[in-house]
Amino acid sequence: MFFRKFACTVARSHYCNTRHFRLAVGRELPISLTCTIITKTGIQNATRRNFYTCDLLCKRRKTGEEKKSDRIIEYSPKKKKGGAKLEGVVDIWRHISVQELADCLKRPLEDVQEVMLYVKGADNIEPQARLDDLKIIQEIVNKCGVKTRIVSAPEVEVEDLGDLGKHHDVSPRPPAPAELLKPRPPVVTVMGHVDHGKTTLLDSLRGAAVAAGEAGGITQHIGAFTVKLSNGEQVTFLDTPGHAAFSAMRARGAHVTDIIVLVVAAEDGVMAQTREVIQLALNENVPIIVAINKIDKPEADIDKTKRDLMQMGLVLEDQGGDIQAIPISALKGTNLELLTEAVSTQATIMGLKADPAGLIEGVVVESKTDPHRGKLSTAIVTRGTLRKGAVLVSGLAHAKVRGLFDHNGKPMTQAPPGTPVEILGWRELPLAGDVILEVETEKKAHSVLRWREHEAKHHKAEEAVDEIRKKEEEHLAKYRAERDARRLAGKFRMRYGPREKENIEHDDVPRVSIIIKGDVHGSVEALLDVFDTYTNNERCRLDVVHYGVGNVSEGDIELAKAFNAIVYGFSVPAPTNAPKEVTIRCYDVIYRLIDDLKKEISSKLPAVEVEEIVGEANVLQQFFINEGRKEVPVAGCRCVKGVLKKAHKFRLVRDDEVLYEGQLESMRHLKNEVDSIKKDVECGLRFKDTKVVPQAGDTIVCFTTRMEEQQTDWDPGF
Ligand SMILES: Nc1nc2c(ncn2[C@@H]2O[C@H](COP(=O)(O)OP(=O)(O)OP(=O)(O)O)[C@@H](O)[C@H]2O)c(=O)[nH]1
Ligand SMILES: [Mg+2]
């Protein structure tokens, strides 16, 4: 019985190990017998083979004395690692912090940190340091004499984090005491309608020629630079685009500025974007100085421009108000000194000062990814003095400043308040318009970002819940209304069979999928704003699969392949090694990109049948002719417009109602069958359908049809 059991055990385990051998020896069984039993009990050959080839069989034979001695089989219990007995269990999770681990273990933090010194890989013993490796966490806990249980990270209560947030987020410092404030250069934003001469004005002020080199002759980026005026004062100027597509950039310009110089071309007067700027200035409560430009042009009308401005609610100095309007010629340099004087005076009146000490504060004007230098942002420092090595936080991005540059790309050692500066060293790309705050250490920056990410996630989750609730309510209301309507109509009944699909994913609506890559954040934002004006999704869907700042990457190309999307690059170079099956189109001018997209959308629209009227005839008389045994009706007509062609289609109209549309059977002039009838010529027309009986007074229209490509009616507003 025992042998049978033993053999079965061996068979079940499908291998022969030391323990079985020991068992056999322990029971004083000869190995050969064990094998016989195994054979009898029908163990597979493979098992037997294993049994015979077991390494223990190769041991030397026992001596007679050895055989006589009692053999004791010892099953030694598994050795415990570390030797210490583990008591109790604590829950651990991946990314647990050292402090959280100490709390779970109910041990002082110092104890845990001391234990960590003896654990390989647990190098960072800072209380907030996160432990990513579960094995290391287990080892720490075991070394503390406790067993572990792996659980998922507990949900962090928002209420708890509310308190934590006070320590983990940063906010601008309270206003500095008056004695610490020092005068700073004014930030002046030049704004106005497209082509009214903003960039030319700034070029004249700083002796540059930016306007001449702009793609498409329009400004498409917000630019920030310092200009030293002839009186020695420094002014920070921001140049903004005037094209309709860049309203977000203009709004940002108006937000960060102290003074707005509104450029209005004297030949055009107040235009759409002039109005937009005036509204922005009024909303942001920013003082305006008007520069009436292009006065050198013969068609310039300064008085009309002033009247236009008055109508917009600007009370100019001439009319007893406080807004200065200076007629200038940016191109010829006329009256530019008067304009700069006005800017200086306005800045002096405003008494612009800032605290140049302490942690810096600033605003991102623009941000971009440079293929060689990495992530960069142009910012204006509003408080403190920015130097290399500063740790900055902006939205969900942070930087350790590696370099500061002015608008010409020259390195700067420091950037005091009111200075525009290009910052190098961002780990993530900050968003244009976001506030920049300096923090003491990188550790602090990380904790701020973690907090903000958590806040953002929480906010998003809340929004999603609201959205879901709203959708649910809408759906329920719709369902109830439909159900009540069915009940009223007596159609309330059980429905059988599979339920109809509510969402048809692959509908027949044509689709244009696109990926957008732009040089700076502002231009991508401007493009997305333009796409928002597209509303014709029921005729052709416009799908923005992905967008981002920087050059077209391999990832973008892969995505384009997957979604069958077109990659549009804006002010970025086209990649040289792109596969042929992916369409990549790069543009430097926004309206050219949009025109191309419009063409693409139009090409997806199905062609429509277009009718072209060739000629028209009046029916003068109805008569019948005999054809075989049948009497068929014939219309005696006169062609009154164009020409009638037998091969084309004909339409019989009576009292504005179409009675028939189709081909002719016969077209006769006098007795002859003809192919066409000219204007003022009489003829007899017989339709193919003999049931159609024309009457005197009817109109017969001859027309052709052709398929014509449709054009999208998308109007992006420019
Ligand atoms: N005659 C004359 N032409 C001017 C003057 N100022 C600008 N221009 C011309 O107007 C055109 C547009 O000038 P820009 O400076 O590019 O205009 P802008 O307002 O910067 O245009 P956007 O930035 O695209 O909105 C250029 O051809 C300039 O040479 C001026 O005072 N007199
Ligand atoms: Mg410009």
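**Stop 1: the ligand shell**

Select ligand 1 and the residues around it: by class this shell holds six nonpolar, 10 polar and five charged residues. Keep in mind while looking that the model is predicted. The shell has 21 residues, and those that come nearest are G197, T200, I218, T219 and G242. Next, colour helix α10, residues 198-206. Helix α10 gives the most to the shell around ligand 1, with three residues.

**Stop 2: helix α11 and its two partners**

Now select helix α11, residues 247-256, together with helix α12, residues 272-284. Their axes lie 10 Å apart, and the two helices pack at an angle of about 40 degrees. Angles from 65 to 115 degrees would count as roughly perpendicular and those under 35 as roughly parallel; α11 and α12 are therefore oblique to each other. The crossing of this pair is right-handed. To display the contact, show S247, R250, A251, A254 and H255 on α11, and E276, V277, L280, A281 and E284 on α12. By class, the residues of the contact of α11 with α12 are five nonpolar, two polar and three charged.

Keep α11 on screen and add helix α16, residues 521-532. The axes of α11 and α16 come within 8 Å and cross at roughly 130 degrees. These two helices are therefore also oblique to each other. Here the residues to show are S247, A248 and M249 from α11, with G522, E525, A526 and D529 from α16. The contact of α11 with α16 divides into three nonpolar, two polar and two charged residues. S247 is listed in the contact with α12 and again in the contact with α16.

**Stop 3: helices α6 and α7**

Move to residues 98-105, which are helix α6, and residues 109-116, which are helix α7. At what angle do the axes of α6 and α7 cross? They cross at roughly 110 degrees and come within 9 Å. The two helices are therefore roughly perpendicular to each other. The crossing of α6 past α7 is right-handed. On the α6 side, show V98, Q99, L101, A102 and L105; on the α7 side, show L109, V112 and Q113. Six of the residues in the contact of α6 with α7 are nonpolar, two are polar and none is charged.

**Stop 4: the barrel**

Select the six strands that close into a barrel, and trace them in the order β13-β14-β19-β17-β16-β20. The pairing is antiparallel. Direction ignored, neighbouring strands of this sheet are turned against each other by 50 degrees on average.

Zoom in on strand β16, residues 391-394, and strand β20, residues 435-439. Three bridges pair β16 with β20 in the antiparallel sense. Label V391 and then V439 in β20, which stands opposite V391.

Add helix α15, residues 442-488. Which strands does α15 lie across? Helix α15 lies across β16, β17 (397-405) and β20, and runs at about 10 degrees to β16.

**Stop 5: the open sheet**

Finally, select the open sheet of eight strands, in the order β29-β28-β34-β25-β26-β33-β30-β31. The pairing in this sheet is antiparallel. At the edges stand β29 (657-662) and β31 (672-673), each with a single partner strand, so one side of each is left without a neighbour in the sheet.

Inside the sheet, pick strand β25, residues 608-627, and strand β26, residues 630-642. These strands pair in the antiparallel sense over 12 bridges. Two pairs are useful to label: F624 stands opposite P633 in β26, and N626 has E631 in β26 as its bridge partner. β25 and β26 form a hairpin with two residues between them. In the turn, check the backbone of G628, which has a positive phi of about 65 degrees.

From β26, step across to strand β33, residues 682-687. Four bridges join β26 to β33, and the two run antiparallel. One residue pair to label here is A635 with L685, its bridge partner in β33.

Methods
Residues numbered from 1 in each chain as written. Chains lettered and ligands numbered in written order. Predicted model: local features only at pLDDT ≥ 70, side-chain atom pairs only at ≥ 80, totals over all residues. Axes fitted to C-alpha atoms, helices over the stretch in contact; angles between N-to-C directions. Parallel < 35°, antiparallel > 145°, perpendicular 65-115°, else oblique. Left-handed = near helix turned anticlockwise from the far one by under 90°. Contact = placed C-beta atoms within 7 Å. Nonpolar A, V, L, I, M, F, W, Y, C, P; charged D, E, K, R; others polar. Pairing = 2+ DSSP bridges. Near = placed C-beta within 6 Å.
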